[in-house]
Amino acid sequence: MQLKSSTSLLCAAALLTGANPVSAKDPSMKKLMAMSAGCAYVTGVAEGSNVRLNYGSAAWLEIVGILEQKTGIDGENAIATAKAKYKKRARVMGADEAYQYMLSRAKDCDREMAVIQS
């Protein structure tokens, strides 16, 4: 698990409990949305491959929705961008290697969600 991602997720957890609106211009919010959307996408792929996760894509989509409401950043666009990123990775790395990377990333996302939930 990356320390940078965990730190961002802890900020997200604080965001989810806070009542104040957040500016969408804040670069950390854009990164947080991109990371959350990426996790939503890869956990969805992992679920389709019968990988057992404690927190599935629905939990990540919920975070994307909350961030979308709080920041005004388009969640659907963020997920489409994440999907395009992984499709490009498949073209560059090869489909099998990119697929294994996505499954590994889904497991990382699962651990990161455990940090948010605790």
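How many helices and how many strands are there in the protein? The protein has five helices and zero strands. The model in the viewer is a predicted one, and the tour below moves through it by selection.

**The whole chain**

Begin with the complete protein in a cartoon view. Following the sequence, the elements run in the pattern α-α-α-α-α. The protein comprises 118 residues, of which 36% count as buried. Several of the stops below concern residues of both kinds, buried and exposed.

**First stop: the disulfide**

Select C39 and C109 and display their side chains. These two cysteines form a disulfide, with 2.0 Å between their sulfur atoms. The count of disulfides in the model is one. The bond connects distant parts of the chain: C39 belongs to helix 2, residues 27-48, while C109 belongs to helix 5, residues 95-117, and the two cysteines are 70 residues apart.

Is the disulfide left-handed or right-handed? The torsion about the S-S bond of C39 and C109 is about -75°, and the disulfide is therefore left-handed.

Now switch to a surface view and consider each cysteine in turn. C39 has 0% relative accessibility and so counts as buried. C109 likewise counts as buried, because its relative accessibility is 0%.

**Second stop: the loop between helix 2 and helix 3**

Keep C109 displayed and add L53. The place of L53 is in the loop between helix 2 and helix 3. Along the chain L53 and C109 are 56 residues apart, and 9.3 Å separates their C-alpha atoms. L53 counts as buried, since its relative accessibility is 18% and the limit for buried is under 20%.

Select N50 next, which is also placed in the loop between helix 2 and helix 3. Is N50 buried or exposed? With 68% relative accessibility, N50 counts as exposed. The backbone at N50 also deserves inspection: phi is positive there, at about 60°, although N50 is not a glycine. Most residues other than glycine have a negative phi.

**Third stop: the aromatic residues**

Select Y41, Y86 and Y101, which form one aromatic cluster. The model has two aromatic pairs. In one of them, the ring centres of Y86 and Y101 are 6.3 Å apart and the planes meet at 35°, so this pair is tilted. Y86 is part of helix 4, residues 75-93, and Y101 is part of helix 5, so the pair ties together parts that are 15 residues apart in sequence.

The two rings can also be compared by their accessibility. Y86 counts as buried because its relative accessibility is 5%. Y101 has a relative accessibility of 31% and therefore counts as partly exposed.

Add R89 to the selection. Over the face of which ring does R89 lie? R89 lies over the face of Y101, at 3.8 Å from the ring centre.

**Fourth stop: the largest pocket**

Leave Y86 on display and select A34, M35, G38 and K85 as well. The largest pocket has 21 lining residues, and A34, M35, G38, K85 and Y86 are the closest to its centre. The volume of this pocket is about 460 Å³. Which elements give two or more residues to its lining? They are helix 2, helix 4 and helix 5.

Colour the lining by residue class. The lining of the largest pocket contains 10 nonpolar, six polar and five charged residues.

**Fifth stop: helix 3 and its contacts in space**

Select T71, which lies in helix 3, residues 57-71. T71 counts as buried, because its relative accessibility is 9%. Then add K30: the C-alpha atoms of T71 and K30 are separated by 8.8 Å, while the two residues are 41 residues apart along the chain.

**Last stop: E76**

Finally, select E76, which is found in helix 4. E76 is exposed, with a relative accessible area of 68%. Show L61 beside it to end the tour: E76 and L61 are 15 residues apart in sequence, and 9.7 Å lies between their C-alpha atoms.

Conventions. Residues numbered from 1 in each chain as written. Predicted model: local features only at pLDDT ≥ 70, side-chain atom pairs only at ≥ 80, totals over all residues. Heavy atoms only, no water. Disulfide = S-S within 2.5 Å. Helix = DSSP H or I, 4+ residues; strand = E, 2+ residues; numbered from the N terminus. Buried < 20%, exposed > 50% of the residue type's maximum accessible area, 1.4 Å probe, protein only. Phe/Tyr/Trp six-rings, centres within 6.5 Å; stacked < 30°, edge-to-face > 60°. Lys NZ or Arg CZ within 6 Å of the ring centre and 35° of its normal. 1 Å grid on protein atoms, 1.4 Å probe; cavity = no way out; pocket = protein on both sides within 12 Å on 5 of 7 lines; lining within 4 Å. Points joined across faces, edges and corners; volume = space filled by probe spheres on them. Nonpolar A, V, L, I, M, F, W, Y, C, P; charged D, E, K, R; others polar.
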